[in-house]
Amino acid sequence: MTGLVTIVGLGPGDPRLLTPAASEALASATDLVGYGPYVDRAPEWPGQRRHSSDNRVELDRARFALDLATKGAHVAVISGGDPGVFAMAAAVFEAVENGDPSWRSLDIRVEPGITAMLAAAARVGAPLGGDFCAMSLSDNLKPWETIEARLRAALTADFVVALYNPISSARPWQLGAAFKIVAETREPDTPIILARAVMRPDERIRILPLSEVEASMADMSTIVMIGASTTRLIERPEGQAPYVYTPRYYGVRP
Ligand code: SAH
């Protein structure tokens, strides 16, 4: 059997949001490799070996998967959301670029999934209707100075900004620092979306003005979206969350 590595996106949580192609890749794999909670989320197939690991050393997990594939395994490496968005696909290619030359002849495929940003946007309306960008706020793999410079540039360009990895026990201050930077350029009533565990049973979504938002309202299962100057709320009757959207039309035909 020729070895194969497929890096599969599981989507945000609800199994109905797993694509049929991703589902087929999981079903036909001889080995599943991934962070424990993601492996637990994948449906079980008879005869399939499951290799759970902790979430820290993505490159080791990638090398492990590539090694299995050189021995002929069909390996599915799984990620939440989309595997190309701050997840395992880049780790696998980084391992290939710097690792055993025989890994380059393996068949490596990526099966996309619905990323947290798109799932969260769909829950609240259409906040990504205009131009937007996505950033990871984690300074585990890149310096904080880079993150800060990029955030300032995104705010200056008036993008809607989605922040992945906003906070964790090991990174407690970065989100607060980011909100301070946001407050330098955006109005106090700018809508901020805090979308936690989107499309999972413990989902919680809050929409707050920038002036009321606090870093402690987010955790590592939260994606934070910062509205652009054009992002608006459509208020609804008492007790119902507003819709949030960013119009595509700027009021001037080009
Ligand atoms: N590959 C994933 C992102 C991995 S980075 C994707 O495409 O969604 C991990 C971060 O993603 C978390 O810290 C959180 O910010 C975000 N995230 C992942 N799943 C989420 C969900 N269901 N709801 C809200 N945020 C989520």
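**Ligand and domain interface chat**

Q: Hi! Which residues come nearest to the ligand?
A: D82, V85, T115, M220 and T222 come nearest, out of 20 residues around the ligand (near is a heavy atom within 4 Å). This is a predicted model, where local features need pLDDT of at least 70, side-chain atom pairs count only at pLDDT 80 or more, and totals for chains, interfaces and linings use all residues. Residues are numbered from 1 along each chain as its sequence is written, and side-chain values use heavy atoms, with hydrogens and water left out.

Q: Why does the ligand lie between the domains?
A: Because domain 1 (4-114) and domain 2 (117-245) both give residues to the shell around the ligand; the bounds come from an automatic or database domain assignment.

Q: And which polar backbone atom is 2.8 Å from an oxygen atom of the ligand?
A: One of D82. Another pair joins a ligand oxygen and a polar backbone atom of A116 at 2.9 Å (a polar contact is a pair of N or O atoms within 3.5 Å; within protein, one must be able to donate a hydrogen and the other to accept it, and residues adjacent in sequence count only if both atoms are side-chain atoms).

Q: Switching topic: how many salt bridges are there between domain 1 and domain 2?
A: Zero, taking a salt bridge as a side-chain nitrogen of Lys or Arg within 4 Å of a carboxyl oxygen of Asp or Glu. The rule does find two residue pairs in polar contact across that interface, both at pLDDT 80 or more.

Q: What separates the domain centres?
A: 28 Å, taken over C-alpha atoms.
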